[in-house]
Amino acid sequence: MDIALEELLENLKELTYSYFYSLNLGDNDLFLWLDKQFKNKKSGFNNYNLGDYGFKIGNVEIKNPIVSAPLAGISDNTYRIFANFFGCGLTFSEMITSYGVHYNHTKTIRMANITEYERPCALQIFGSDADIMAEAAQRLEGVADLIDINMGCPVPKIIKSGSGGYLLRDSYKIKAIIKKIKDKIDIPLTVKVRLGWDKNNINILEIAKIAEANGADAISIHGRTVKQGFSGNADYNYIKKVKKILDIPVIASGDIDSGEKALEVFEYTGCNGLMIGRKSQGAMWIFLKILLCLQYKKLSSLEPNLEWKKKFAILYLEFLIYFKGKEKAIKEFRKYLSWIFKGVRGISKVRKKFFKINEYNDVVDILDLIGGM
Ligand SMILES: Cc1cc2nc3c(=O)[nH]c(=O)nc-3n(C[C@H](O)[C@H](O)[C@H](O)COP(=O)(O)O)c2cc1C
């Protein structure tokens, strides 16, 4: 393995371990459990094992129900490695254009890179042409552990191209896409959907059945319609209904923002997996908190302290630099600073400076200011 990456991973291991200690759990069952999970974790392949809660997607073993969401512009290698270390049983890539794979665009191909420290990992593709999507899936099959199809994205540019959430308007097309891709690949195939196009066209029960009948090995459901975007609340009733009528695993998505909420959704819907998106942005420790809550039914209010968050920030930046180069990484890191230090007292006085960082040392200087206000 590359020495630079090895060093970063060692630091990440130490950081994760120090978070366990910061939880100040004492020498009780919980700590012993965590300690054991951590020591057993030899590499990214070895996710935290949550015994009875594990499940399988096709032939891929998912060791616990915590799943990191596909997040465009966020769920890159760095995000997925952190997600894996903080406990996810499965990670997802950002959505990848099937046309980009077809035309061999460098940027697209780079997005499809997976290290051994973020597996099992699903590469998510989007598109509107079943043949192109099947060809893309086939090309990515050698890299991915699973292929996922985006059938829920509400972004206007994606909808206009007939991809993402637009597909929910056309169940014949969904059938054709799933069938064609399934025929071309040997690794498991999953789909990620919303409840339907809008509140008058909720067709998730039909879509879920079509997906299963045509070869999908699991389904992730964001409990909103496409038209809803992110407004209102996620509706878990439909997820519960889908779980009752399918044999394949169901992953619930939408508004899971704490251990208690995760437990509630898990128990209410009977789903196999819990996908966490927005709440994990810059705050990957949420995965571990949820894992603890599932295992011990408590303990989700523990936040890492400020000094730990600063170490987290620097390490996150170093990973980003490793994967993307300094210039791109620093630019992208600006938004992470806001997320990581959200809610810290006096942060509003420093926030303006986040968007002016250009150098690694600018970040170090800013971190010195945080908390000293
Ligand atoms: C910034 C952002 C980017 C997203 N990108 C994708 C994506 O690429 N593919 C996808 O299927 N869903 C995407 N989603 C939806 C999430 O995966 C998830 O289903 C949704 O945010 C609801 O979960 P949450 O409430 O935990 O965030 C994105 C959401 C956000 C906020």
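Mentor: Two strands count as paired if DSSP finds at least two bridges between them. Please keep in mind that the model we are reading is a predicted one.

Trainee: Which residue in S5 does Thr91 stand opposite?

Mentor: Start with the strands themselves, since S4 and strand S5, which covers residues 121–126, pair in the parallel sense over five bridges. Strand S4 spans 91–97, and the residue of S5 that stands opposite Thr91 is Cys121.

Trainee: Which strands are the edge strands of the open sheet?

Mentor: The open sheet has eight strands with parallel pairing, and their order is S3-S10-S9-S8-S7-S6-S5-S4. An edge strand pairs on one side only, and that description fits strand S3 (66–68) and strand S4 (91–97).

Trainee: What is the average twist from one strand to the next?

Mentor: Follow the sheet in its order S3-S10-S9-S8-S7-S6-S5-S4. Going from one strand to the next along this order, the twist averages 25°.

Trainee: How many of the seven residues of S4 are buried?

Mentor: Although S4 is one of the edge strands and pairs on one side only, this strand is mostly covered. Of its seven residues, the number that are buried is six.

Trainee: Which residue in S9 does Ser220 stand opposite?

Mentor: Strand S8, made of residues 218–222, pairs with S9 in the parallel sense, and the two are joined over four bridges. Ser220 belongs to this pairing, and its opposite residue in S9 is Ile251.

Trainee: Is Pro249 buried or exposed?

Mentor: Pro249 lies in the loop between helix H10 (237–245) and strand S9 (250–253). A residue is called buried if 20 or more other C-beta atoms lie within 10 Å of its own. Pro249 has 21 other C-beta atoms within 10 Å, and therefore Pro249 is buried.

Trainee: How far apart in space are Pro249 and Phe55?

Mentor: Leaving aside residues up to four places away in sequence, Pro249 touches Phe55, Ile57, Ala218, Asn272 and Gly273. Pro249 and Phe55 are 194 residues apart in sequence, yet from C-alpha to C-alpha their separation in space is 7.7 Å.

Trainee: Which residues come nearest to the ligand?

Mentor: There are 21 residues around the ligand, and by class this shell has nine nonpolar, seven polar and five charged residues. Those that come nearest are Ala69, Pro70, Met95, Gly277 and Arg278.

Trainee: What distance separates the centres of domain 1 and domain 2?

Mentor: The protein chain is divided into domain 1 (33–296) and domain 2 (306–369). Eight residues of domain 1 are in contact with seven residues of domain 2. Taken over C-alpha atoms, the centres of domain 1 and domain 2 are separated by 28 Å.

Methods: Residues numbered from 1 in each chain as written. Predicted model: local features only at pLDDT ≥ 70, side-chain atom pairs only at ≥ 80, totals over all residues. Buried ≥ 20, exposed ≤ 12 C-beta atoms within 10 Å, placed from the backbone. Contact = placed C-beta atoms within 7 Å. Near = placed C-beta within 6 Å. Nonpolar A, V, L, I, M, F, W, Y, C, P; charged D, E, K, R; others polar. Axes fitted to C-alpha atoms, helices over the stretch in contact; angles between N-to-C directions. Domains from an automatic or database assignment.
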